[in-house]
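Subject: Structure handover

Hello,

Here is the structure for your work. Please look through it first; notes on what was found follow below.

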Amino acid sequence: MAGAVTVAPPPREHLRVAVVGGGPGGLYAAALLKRLDPAREITVWERNAPDDTFGFGVVLSDETLGGIQHADPVVYEALREEFVRWDDIDVVHRNIRHTSGGHGFAALGRRRLLEILHERCRSLGVELRFHAQAPDAARLSESYDLVVAADGVHSATREAYAEVFRPRVTTHRCRYIWLAADFPFEAFRFEIAETEHGVMQLHGYPYAADASTVIVEMREEVWEAAGFAESDVRESVERCVKIFADALGGRALRSNKSAWTAFRTVVNECWSHRNVVLLGDAAHTAHFSIGSGTKLAVEDALALAACLEEQPSLGAALSAYEAERRPVVASTQRAARASLEWFENLGLYLDQPARQFAFNLLTRSRRVTHDNLRLRDARFTESVEREFGCPPGTPPMFTPFRLRGLTLRNRVVVSPMDMYSAVDGVPGDFHLVHLGARALGGAGLVMTEMVCVSPEARITPGCAGLYTGQQADFWRRITEFVHAQAPGAAIGVQLGHSGRKGSTKLMWEGIDEPLEEGNWPLVAASPLPYKPENQTPGELTSAQLDDLREQFTSAAQRAARCGFDLLELHCAHGYLLSGFLSPLTNRRTDAYGGSLENRLRFPLEVFDAVRAVWPEERPMTVRISATDWADGGTTADDAVAVARAFAAHGADAIDVSTGQVVAEEQPEYGRSYQTPYADRIRNETGIPVIAVGAISSWDDVNSLILAGRTDLCALARPHLYDPHWTLHAAAEQGYTGPGVSWPAPYRAGSRRPQTGRTDSPKQRLTLGS
């Protein structure tokens with residue numbers, strides 16, 4: 001964020017600036033630019049009247065206020081006098097209210113905010129034109145040195161240059177309406193109403209000593225079933241008053257140009273074109289449930305003003321502005337998307353225990369975490385932990401979890417990671433050290449890489465197998481080491497077949513690139529190469545399908561004799577069984593292709609065959625790709641159906657991954673980006689799940705477990721960085737209970753080493769030169 005505005009600009013000509021849109025972002029940008037250079041000619045066009053506004057209250061963070069205070073103390077002081085502040089969040093569900101404190105909010109009326117910015121602009125000499133439609137973008141661009149497009153989510157400027165900005169606008173599944181109440185809520189209030197038509201929710205917060213913003217939101221189908229689509233605003237307001245009578249205390253609601261609408265997420269590939277730049281909602285939107293679009297717009301204005309002062313040219317300034325703001329906005333939008341989707345899927349969580357439901361809501365965006373919430377309100381967090389079943393002093397990640405006859409001492413899984421270090425499918429000392437070190441490192445379950453069921457099932461020449469006695473002998477050596485030297489740790493094997501993604505180079509030689517020599521024939525559900533340069537697989541015949549089932553059962557029998565505690569069937573990432581599940585890779589016209597039921601047929605046959613020979617008391621899990629991240633591929637709805645099918649056949653848990661099915665995928669990366677799929681499967685079906693994907697901190701693990709979004713967390717790269725990740729997580733949380741134990745030879749290192757002196761005297765006096 002641009003907090004510090006340097007008032008020492010390099011030499012340049014004064015700018016003539018046109019600002020399109022008189023919302024908070026446009027007005028604040030105008031005021032800052034004029035304050036930094038009074039010689040600038042700045043004009044703001046606003047098509048509405050000065051006191052016209054939509055919505056009621058505006059929430060700003062302490063971070064944003066700090067930037068305003070530094071850049072323009074006059075505006076800051078005017079805002080400070082108006083702010084209503086509070087710390088608590090109330091979550092009301094099924095007539096039970098839980099309160100969490102320590103959050104820190106500041107809000108004021110949107111109309112008053114505009115008045116303050118109008119006054120500041122006028123005092124600085126900015127020309128404000130109300131009831132004035134701005135000239136089109138091309139004319140402004142010719143007449144002014146800089147055009148700031150702050151014309152909102154429906155930006156005409158953005159559309160005029162759509163081929164340059166390349167906007168993507170996503171309309172979401174809930175309808176909502178902005179209203180107000182003439183009394184102040186005591187806290188930020190979330191209230192859930194379960195009606196005959198479906199679930200509705202109220203978001204409310206104070207913005208003045210005598211007023212609150214009230215947003216009523218629900219899924220589109222609930223909105224239609226409840227008849228709101230046919231109701232006018234007056235009728236809608238009256239019905240909302242009745243539905244949320246307890247929250248409102250029987251008091252009325254009022255509207256202000258209110259209308260039911262669906263939230264739209266705006267993303268632009270580019271934010272500037274020549275001398276035109278996007279700001280605020282014209283450039284990006286973030287769902288209201290995590291904060292204010294006004295906050296982002298004001299931060300944009302601060303950054304734009306700073307970059308114009310710091311950079312030697314307009315082009316450099318606009319590039320620097322976008323480079324500075326884009327990652328911040330992208331992070332906010334990821335959090336907003338997580339929050340938005342949580343409310344879209346609110347019905348999944350209604351039966352959670354009351355405190356867990358409240359915790360889940362508070363941590364929905366992944367910005368507020370278990371540790372963060374514990375610092376804000378330890379009493380509330382401890383009450384959630386007690387309800388969850390955490391013994392005193394035990395973080396959620398160190399609570400045990402049972403799968404069939406196996407009890408895992410904690411919720412941490414070392415995710416399967418291909419090492420590409422086997423010789424003729426035989427694991428070696430590297431595998432012993434790799435898996436042994438991570439078992440010693442404290443994880444509840446350590447998984448092998450994908451272990452292949454035949455020589456032709458390998459991805460690369462370095463992939464491990466379980467199709468010979470020699471391979472089984474070395475795997476037995478590894479399991480025996482884990483059980484003897486890391487008591488309490490379980491070790492699982494993942495069985496799979498590469499399908500069309502086989503016969504490729506080692507990862508570090510060229511991931512998914514075909515071998516230059518020594519290739520073996522590939523088979524798959526359909527004769528489709530993974531990429532044009534890859535080998536085209538043969539479509540599996542009926543006889544080959546029989547052989548494959550036998551290969552999997554033979555490998556499973558060897559795995560059982562090796563002493564593995566758990567077996568996972570790999571049906572993800574575009575490998576052979578995954579290739580049957582995805583409509584993008586399965587084009588068969590027989591009983592194994594077409595409908596999802598048919599595409600499931602062969603993976604389920606393999607699962608049944610393996611389950612029949614795998615010891616009854618030992619659990620089996622299945623890894624799936626819950627989305628292909630590609631049009632026409634597996635959807636989240638499909639993933640739920642796939643999970644149900646495997647569970648009906650005896651799967652004890654679903655390991656929920658995503659993607660890697662087709663080369664043209666477009667994943668939406670981000671922190672814990674795959675966990676919403678695990679969350680949905682768990683809470684829609686009741687099936688235990690393992691969440692994977694950019695889970696990197698013990699705080700993330702605690703948050704996901706305690707919120708009920710997953711049962712186990714699988715981490716890959718963090719365990720490559722630190723084999724003792726789980727032991728260190730325990731040490732950093734001060735935990736010494738049965739959920740993890742340091743191997744006797746390592747106990748002397750169970751405390752973090754000192755890193756240097758921390759007792760040096762502080763500097764008390766600075767002498768001038």
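To start with a single residue, E221 has a relative accessible area of 43%, which makes E221 partly exposed. Here buried means under 20% relative accessible area, exposed over 50%, and partly exposed in between, with a 1.4 Å probe and protein chains only. The model is predicted: local features need pLDDT of at least 70 and side-chain atom pairs count only at pLDDT 80 or more, while totals for chains, interfaces and linings use all residues. Residues are numbered from 1 along each chain as its sequence is written, and side-chain values use heavy atoms, with hydrogens and water left out.

Salt bridges

E221 forms a salt bridge with R219, and the closest N and O atoms are 3.1 Å apart. The criterion is a side-chain nitrogen of Lys or Arg within 4 Å of a carboxyl oxygen of Asp or Glu. Searching the whole structure by that criterion gives 46 salt bridges.

Another salt bridge links R325 and D300, with 2.6 Å between the closest N and O atoms. R325 sits in helix α12 (residues 314-344) and D300 in helix α11 (residues 293-310), so this pair ties together parts that are 25 residues apart in sequence. Helices (H or I, at least four residues) and strands (E, at least two) are DSSP runs, numbered from the N terminus. R325 is buried, at a relative accessible area of 0%, and D300 is buried, also at 0%.

K531 and E533 form a salt bridge through their side chains, at 3.8 Å from N to O. K531 is partly exposed at 21% relative accessibility, and E533 is partly exposed with a relative accessible area of 47%. Elsewhere, E82, R112, E115 and E119 are joined into one network by salt bridges that share partners.

Strand β7 and its neighbours

Strand β7 covers residues 105-109, and 5 of its 5 residues are buried, so β7 is largely enclosed by the rest of the structure. Strand β3 (residues 57-60) runs antiparallel to β7 and is joined to β7 by 4 bridges; two strands count as paired if DSSP finds at least two bridges between them. Within that pairing, L60 has A106 of β7 as its bridge partner. Strand β4 (residues 84-86) is also antiparallel to β7, with 3 bridges between them. V84 stands opposite A107 in β7.

The open sheet

An open sheet is formed by 7 strands in the order β6-β5-β11-β12-β13-β10-β14, with mixed pairing. Its edge strands are β6 (96-100) and β14 (261-268), each of which pairs on one side only. From one strand to the next, the twist averages 25°. For such angles, axes are lines fitted to C-alpha atoms (for helices over the stretch in contact), and angles run from 0 to 180 degrees between N-to-C directions. At the β6 edge, strand β5 (residues 89-93) runs antiparallel to β6 and is joined to β6 by 5 bridges. V91 stands opposite H98 in β6.

The barrel

A closed barrel of 8 strands follows the order β19-β20-β21-β24-β25-β26-β27-β28, and its pairing is parallel. Here the twist averages 30° from one strand to the next. Strand β20 (residues 445-452) and strand β21 (residues 490-496) run parallel and are joined by 6 bridges. In this pair, C452 stands opposite G496 of β21.

The annotated region

The unreviewed UniProt entry gives the annotation "domain: NADH:flavin oxidoreductase/NADH oxidase N-terminal" for residues 397-730. UniProt positions are in the numbering used here, feature names are shortened, and annotations may be inferred rather than shown by experiment. Over residues 397-730 the chain is 37% helix and 16% strand, with its end C-alpha atoms 9 Å apart.

Two helix residues

Q485 belongs to helix α17 (residues 469-485) and is partly exposed at 45% relative accessibility. Q485 and A439 are 46 residues apart along the chain, and their C-alpha atoms are separated by 8.6 Å.

M507 belongs to helix α18 (residues 507-510) and is partly exposed, with a relative accessible area of 41%. Together, M507, W508 and I511 make a nonpolar surface patch of about 350 Å². Patches are made of residues with over 30% relative accessible area and no salt bridge, with like charges joined within 9 Å and nonpolar side chains (Val, Leu, Ile, Met, Phe, Trp, Tyr) within 5 Å. Accessible areas come from the Shrake-Rupley method with a 1.4 Å probe; for residues, only the protein chains shown count as cover.

Regards
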